[in-house]
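Colleague: I've got a structure open on my screen and I'd like to learn how to read it. Could you walk me through it, feature by feature?

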There are 2 protein chains.
Amino acid sequence: MSKVVWGGGALIAPVPPVLVTCGTAEQPNILTVAWTGILNTVPPKTYISVRPGRFSYPLIRESGEFVINLPTAALVRAVDFCGVRSGRDTDKWKQMGLTAAPSSHLACPLLEQSPLSLECRVTQVVPLGTHDMFVADILAVDVDEALIDRAGKLHLDRAGLLAYAHGEYFELGRKLGSFGFSVRKKPRRGAGRGSRRT
Amino acid sequence: MSKVVWGGGALIAPVPPVLVTCGTAEQPNILTVAWTGILNTVPPKTYISVRPGRFSYPLIRESGEFVINLPTAALVRAVDFCGVRSGRDTDKWKQMGLTAAPSSHLACPLLEQSPLSLECRVTQVVPLGTHDMFVADILAVDVDEALIDRAGKLHLDRAGLLAYAHGEYFELGRKLGSFGFSVRKKPRRGAGRGSRRT
């Protein structure tokens, strides 16, 4: 294919437009952050990058706590609204019908309507330019019971997760495979359904 | 909804399972990395977290260069394969029919088959446990011309991007809105199609 070269830009996609909760039960705030991801598997570490001018910035900086709530297609309007409006002059919870619920490890609340929330404690703040990166340990994960089967397996594909790519929101679409599918041996001819895959 | 509390885990989703190219034109390597994201908008900064035991780790560490190539649904088999197999004993390029092409700012090649590549120079290596985080500046972006319209606008929704969530690969599905839709004024009644949105 023919390609053009542009200057550097923040163009990784798709990313999760997560709803970050912060503050306290009495004064909770919520904002949308797309600059997030996993930094490390064990111990589990994540980050969110936040502009210092945002209303939530000092709340996170001072408390050292936040919760990452995974976004769903059902929450798309709230995800957009909480990225555009400020808690300084808008009650986003009320306007979007969102509910703050207690987390298990933090003073900071989580978002009741999210199927999976990561409770995070800040370990480092790194100024990078427009944004500061809050590096954090993931202390606990709060999961909707309806997504867990009897064997304890998480079925996150049933959550209806939301993705963000270059200014647009998308549902997740067709499932194309699971990790390792490209090297799994195919079931023997005639082995039929349910045959073991190695 | 009823929720259960688990210990901390690396459970952010969806994330982009990007194809990272590294090495040189003569000895290119390619690996899949899901622990990536944007750290900062201006100047544009990203990261990839890589296990020190991976074949690509010393290549990136010594050259200080890598390219993030966005994954597409058409590349799903290669994305999976390049995350499971090692360049130590497998020619992933040949086996997956992938092509290394020159980048514009680096000695390191990019992936010809990817519609959008970010050329990155490492500024810092941060050991975090299982993974080391390579913090990097995004120096340039190589974009498939077919995704750019006459006005110079990028239509990344036409790229067929791939998402990864908890061990499974997904196409992006239905578009649900664009940034700011939740606060845009609706067109006036009777204004018909094509009326300006503010």
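**Two chains, one axis**

Modeller: Sure, and let's start with how the chains are related. Chain B superposes on chain A by a rotation of 180° with 0.0 Å of shift along its axis, at an RMSD of 0.0 Å. That is the relation of a two-fold axis. Keep in mind that this is a predicted model.

Colleague: What's the general idea behind describing copies that way?

Modeller: Two copies of a chain are related by a rotation about an axis and a shift along it.

Colleague: Which residue of chain B comes closest to the rotation axis?

Modeller: Look for G173(B): its C-alpha is 1.9 Å from the axis.

Colleague: On to the interface, then. How many residues of each chain are in contact?

Modeller: On the chain B side, 81 residues are in contact with 81 residues of chain A. Several elements of chain B supply at least two residues each to that side, including β1 (3–7), α2 (76–84) and β9 (116–127). The biggest giver is β12(B), with eleven residues. Sorted by chemistry, chain B's side has 46 nonpolar, 21 polar and 14 charged residues.

Colleague: Why would I say the copies meet through the same surface?

Modeller: Because 100% of the interface residues of chain B are also interface residues in chain A.

Colleague: How do I read a sheet that involves both chains?

Modeller: Write down the strand order and walk along it. Here four strands form an open, antiparallel sheet: β11(A)-β12(A)-β12(B)-β11(B). The edges are β11 (162–165) of chain A and β11 of chain B; each has a single partner strand, so one side of each has no neighbour in the sheet. From one strand to the next, the twist averages 50°.

Colleague: And what holds the order together, bridge by bridge?

Modeller: Take it from the chain A edge. β11(A) is joined to β12 (residues 168–178) of chain A by four bridges, antiparallel, and A165(A) has E168(A) as its bridge partner there. Then comes the step between chains: β12(A) and β12(B) pair antiparallel over seven bridges. To find your way on screen, pick Y169(A), whose bridge partner in β12(B) is G177(B). Last, β11(B) and β12(B) run antiparallel with four bridges, and A165(B) partners E168(B).

Colleague: Where else does a strand of one chain pair with a strand of the other?

Modeller: Try β10 (residues 132–144) of chain A, which is joined to β1(B) by five bridges, again antiparallel. V143(A) has V4(B) as its bridge partner.

Colleague: Now the turns. What should I check in a hairpin?

Modeller: Check how many residues sit between the strands, and their backbone angles. The hairpin of β11(A) and β12(A) has two residues between the strands, and H166(A) takes a positive phi near 50°. That's a positive value in a residue other than glycine. In chain B, H166(B) also has a phi near 50°, in the loop between β11 and β12 of that chain.

Colleague: Is H166(A) buried or exposed?

Modeller: Buried, because 21 other C-beta atoms lie within 10 Å of H166(A), and the cut-off for buried is 20 or more.

Colleague: Which hairpin could I compare with it?

Modeller: Have a look at β4(B) and β5(B), which form a hairpin with four residues between them. The strands are antiparallel with four bridges, and G37(B) stands opposite Y47(B). The loop between them holds P43(B), and a cis peptide bond joins V42(B) to P43(B), with omega about -5°. Five of the five residues of β4(B) are buried, so that strand is largely enclosed by the rest of the structure.

Colleague: Last one: how do I read the surroundings of a single loop residue?

Modeller: Ask where it sits, how crowded it is and what it touches. L70(A) is in the loop between β6 (65–69) and α2 (76–84) of chain A. L70(A) counts as buried because there are 26 other C-beta atoms within 10 Å. Setting aside residues up to four places away in sequence, the contacts of L70(A) include P16(A), V18(A) and L161(A), plus A13(B) from chain B.

Methods:
Residues numbered from 1 in each chain as written. Chains lettered and ligands numbered in written order. Predicted model: local features only at pLDDT ≥ 70, side-chain atom pairs only at ≥ 80, totals over all residues. Contact = placed C-beta atoms within 7 Å. Nonpolar A, V, L, I, M, F, W, Y, C, P; charged D, E, K, R; others polar. Pairing = 2+ DSSP bridges. Axes fitted to C-alpha atoms, helices over the stretch in contact; angles between N-to-C directions. Buried ≥ 20, exposed ≤ 12 C-beta atoms within 10 Å, placed from the backbone. Least-squares fit on C-alpha atoms with pLDDT ≥ 70 in both.
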